[in-house]
Amino acid sequence: MIVVHHLNNSRSQRVLWLLEELELPYEIKRYKRDPQTMLAPTSLREVHPLGKSPVITDGKLTLAESGAIIEYLIERYGNGRLVPAIGTLEHLRYTYWLHYAEGSAMPPLLLKLIFDQIENNPMPFFVRPIARAIVSRVKSSFIEPQITQHLNYMEAEIGKSTWFAGNEFTAADIQISFPLEAAVARAGLNPSRPKLMAFLNRIHTRPAYQQALERGGAYELLS
């Protein structure tokens, strides 16, 4: 039996969604973030040394990293579902978007989350003006332009086909969903980019997406 070690408000929601799309049986072991630090509990380190989510166990196998988990589940249990045929342009695009999501799209969004927290958290009054000036400079000169560049790029790319890899829904769409949801939550993704918003509307109507939310619980995007 596949067990998803599910941290609230985390990337592991994508794993639940994939399992629902594949109609695979699975169990959920739940973990809660520390309400003060928002970090995962130390008990997750008993599953994987980094103490991060998502993590799955499947028999004797323990596997972390959402991209690796998606590839494993597709290869072992997919039976050709949710992945284009090898050797096609669609398969190349599938592989690209599967890795782009975490390798390129997420880093500036994570930086924005961190710098927003620095800017908004309490600090000694005598360092506040300097700290906030530095944060503002980094956000305006680097983080926000990077996010804009990536959102514009994804808006143009999704305009080429119904889904990111082509005209068929694939696991790459599941993977890319997280940075796009995060961009809506904290980086200004809105109807000014109608193709990305239409993509999000399409995934939100998928029964497997809704079933994963029902089983995993409502979440706010934090990391």
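**Close-up views of a predicted model**

**View 1. The hairpin made by E3 and E4.** Strands E3 and E4 form a hairpin, with two residues sitting between them. Glycine 59 is in that turn, and its phi is positive, at about 65 degrees. Bear in mind for this and every other view that the model is predicted. The two strands of the hairpin run antiparallel, and four bridges join E3 to E4. Two facing pairs are worth picking out here: aspartate 58 stands opposite leucine 61 in E4, and threonine 57 stands opposite threonine 62, also in E4.

**View 2. The whole sheet, strand by strand.** Zoom out from the hairpin and you get an open sheet of four strands, in the order E2-E1-E3-E4, with mixed pairing. The edges belong to E2 (26-31) and E4 (61-64); each has a single partner strand, so one side of each is left without a neighbour in the sheet. Direction ignored, neighbouring strands here are turned by 20 degrees against each other on average.

**View 3. E3 from both sides, with E1 next to it.** E3 covers residues 55-58, and four bridges join E1 to this strand. E1 and E3 run antiparallel. Across this pairing, valine 4 faces isoleucine 56 in E3. Check out the two faces of E3, since both are covered: Val55 and Thr57 are buried on one side, and Ile56 and Asp58 are buried on the other.

**View 4. Helix H1 on the strands.** H1 lies across three strands, namely E1, E2 and E3. Relative to E1, H1 runs at about 145 degrees.

**View 5. The largest nonpolar core.** This core has 54 residues. The members that touch the most other members are Leu18, Leu73, Met154, Phe164, Ile176, Leu180 and Phe199. Plenty of elements chip in: strand E1 (2-7) and helices H1 (12-22), H2 (66-77), H3 (89-120), H4 (128-158), H5 (171-186), H6 (194-204) and H7 (207-216) each supply at least two residues of this core. H3 gives the largest share, with nine residues. There is also a second, separate core of six residues, and among its members are Leu7, Leu44, Val47 and Val55.

**View 6. Leucine 180 and its contacts.** Here we zoom in on one residue from the largest core. If you leave aside neighbours within four places in sequence, leucine 180 is in contact with Leu151, Met154 and Phe164, and also with Leu189, Leu196, Phe199 and Leu200.

**View 7. The second largest cavity.** The structure holds two cavities of 30 Å³ or more, and this view shows the second largest, with about 60 Å³ of space. Its lining is made of Ala105, Pro108, Leu109, Ile147, His150, Leu151, Met154, Pro179, Leu180 and Ala183. H3, H4 and H5 each supply at least two of the lining residues. H4 has the largest share of this lining, four residues.

**View 8. Lysine 112 tucked into the model.** Lysine 112 is found in helix H3. Is this lysine buried or exposed? Lysine 112 counts as buried because its relative accessible area is 12%, and the cut-off for buried is under 20%. Not counting residues up to four places away in sequence, lysine 112 touches Ile143, Ile147, Arg186 and Ala187.

**View 9. Glycine 217, after the last stretch of H7.** Glycine 217 has its place in the segment after H7. With a relative accessible area of 23%, glycine 217 is partly exposed. Beyond its neighbours within four places in sequence, glycine 217 is in contact with Gln13 and Ala212. For a sense of scale, the C-alpha atoms of glycine 217 and proline 124 are separated by 37 Å, and these two residues are 93 residues apart along the chain.

How values were computed. Residues are numbered from 1 along each chain as its sequence is written. This is a predicted model: local features need pLDDT of at least 70, side-chain atom pairs count only at pLDDT 80 or more; totals for chains, interfaces and linings use all residues. Side-chain values use heavy atoms; hydrogens and water are left out. A nonpolar core is a set of buried Ala, Val, Leu, Ile, Met, Phe, Trp, Tyr and Cys residues joined through side-chain atoms within 4.5 Å. Buried means under 20% relative accessible area, exposed over 50%, partly exposed in between (1.4 Å probe, protein chains only). Contact means heavy atoms within 4.5 Å. Two strands pair if DSSP finds at least two bridges between them. Axes are lines fitted to C-alpha atoms, for helices over the stretch in contact, and angles run from 0 to 180 degrees between N-to-C directions. On a 1 Å grid over the protein atoms alone, a cavity is a set of points where a 1.4 Å probe fits but cannot get out, and a pocket is an open set with protein on both sides within 12 Å along at least five of seven lines; lining residues have an atom within 4 Å of a point. Grid points are joined across faces, edges and corners, and a volume is the space filled by probe spheres set on the points.
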